[in-house]
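Please look over the fold and the main pocket of the protein below. A short briefing on both follows the display.

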Amino acid sequence: MKKVLFIMMLLFSAASFAQVHEIKMLDYGQEGGMVFEPSFLAVEPGDTITFIPTATGHFVRSALVPEGAKEWSSELDQPYSVTVEEEGVYVYFCPPHLTMAMLGVIQVGAATGKAEVTEKMASFHRRQIMNKQRLWAYLDQVEWSKP
């Protein structure tokens with residue numbers, strides 16, 4: 001019985017430290033047109049990210065998630081929340097504005113596999129016409145762990 005109570009206390013205390021972060025979907029922001037703000041976010045496993053559309057015509061979809069994580073896609077013009085459990089790098093984008101590089105990066109806990117992430121994002125990067133440096137600038141902010 002004591003063991004069960006102890007485990008429940010640990011689970012409750014871990015859940016109480018989880019944070020909620022907001023990312024705005026903007027027509028125009030600090031980095032120019034069609035952006036997420038913040039565009040890069042470092043969080044902990046168990047944190048929740050809420051995407052908030054500030055104008056019409058935006059939604060969010062995952063482009064890359066760590067192994068074991070579920071991909072996501074929101075509805076047009078609707079707020080969307082996702083709880084990130086798996087450590088690693090998540091890349092997301094606004095499908096109607098991908099050619100304008102409306103995308104962002106979330107680092108959850110430790111990030112490994114820089115070469116694999118870079119390789120997977122190379123073909124995704126080719127679909128961007130404008131602001132081609134954004135993806136690489138955001139990935140440069142990731143604090144990569146040694147494998």
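The points below go from the whole chain to its sheet, its strand pairs, its backbone details and its pocket.

The model is predicted. The protein chain holds three helices and eight strands. Of its 147 residues, 41% count as buried.

**Overall layout**

- Read from the N terminus, the elements run α-β-β-β-β-β-β-β-β-α-α.
- Take the contacts between residues at least 6 apart in sequence: 64% of them join residues at least 24 apart.

**The four-stranded sheet**

- Four strands form an open sheet in the order 3-8-7-5. The pairing in this sheet is mixed.
- Strand 3 (40-43) and strand 5 (61-64) are the edge strands, and each pairs on one side only.
- On average, neighbouring strands of this sheet are turned by 30 degrees against each other, direction ignored.
- Helix 2 packs on the sheet and touches strand 5, strand 7 and strand 8. The direction of helix 2 makes about 125 degrees with that of strand 5.

**Pairings inside that sheet**

- Strand 3 pairs with strand 8 (residues 103-108) in the parallel sense, over four bridges. L41 has I106 of strand 8 as its bridge partner.
- Strand 7 and strand 8 are antiparallel and share six bridges. Here V89 is matched with Q107 in strand 8 as its bridge partner.
- Strand 5 and strand 7 also run antiparallel, joined by three bridges. The bridge partner of S62 is Y92 in strand 7.
- How far is strand 7 covered? Six of its six residues are buried, and the strand is mostly covered.
- As a general rule, side chains in a regular strand alternate between the two faces of the sheet.

**Strands 1, 2 and 4**

- Strand 1 (residues 20-29) runs parallel to strand 4 (residues 48-53), and six bridges join the two.
- Strand 1 also pairs with strand 2, in the antiparallel sense and over five bridges. A hairpin of two residues links strand 1 to strand 2.
- M25 appears in both pairings. It stands opposite P53 in strand 4, and its bridge partner in strand 2 is F36.

**Backbone details**

- Which peptide bond is cis? The bond from E37 to P38 is, with omega near -5 degrees. P38 lies in the loop between strand 2 (32-37) and strand 3.
- M34 is not a glycine, yet its phi is positive, near 50 degrees. M34 is found in strand 2.
- Is M34 buried or exposed? Its relative accessibility is 15%, and buried means under 20%, so M34 counts as buried.
- D77 is another residue other than glycine with a positive phi, near 60 degrees. D77 lies in the loop between strand 5 and strand 6 (80-83).
- D77 has 28% relative accessibility. This value falls between the 20% limit for buried and the 50% limit for exposed, so D77 counts as partly exposed.

**The largest pocket**

- The largest pocket has a volume of about 250 Å³.
- Its lining is made of 14 residues. Closest to the pocket centre are V65, P66, E67, T112 and V117.
- Which elements give two or more residues to this lining? They are strand 7 (88-93) and helix 2 (114-125).
- Helix 2 supplies the largest share of the lining, three residues.
- By type, the lining residues divide into seven nonpolar, three polar and four charged.

**Links between the topics**

- Helix 2 has two roles in this briefing. It packs on the four-stranded sheet, and it gives three residues to the lining of the largest pocket.
- Strand 7 also returns. It pairs with strand 5 and with strand 8, and it gives two or more residues to the pocket lining.
- Strand 2 holds M34, with its positive phi. The loop between strand 2 and strand 3 holds P38, and the peptide bond from E37 to P38 is cis.

Notes. Residues numbered from 1 in each chain as written. Predicted model: local features only at pLDDT ≥ 70, side-chain atom pairs only at ≥ 80, totals over all residues. Heavy atoms only, no water. 1 Å grid on protein atoms, 1.4 Å probe; cavity = no way out; pocket = protein on both sides within 12 Å on 5 of 7 lines; lining within 4 Å. Points joined across faces, edges and corners; volume = space filled by probe spheres on them. Nonpolar A, V, L, I, M, F, W, Y, C, P; charged D, E, K, R; others polar. Pairing = 2+ DSSP bridges. Axes fitted to C-alpha atoms, helices over the stretch in contact; angles between N-to-C directions. Contact = heavy atoms within 4.5 Å. Buried < 20%, exposed > 50% of the residue type's maximum accessible area, 1.4 Å probe, protein only.
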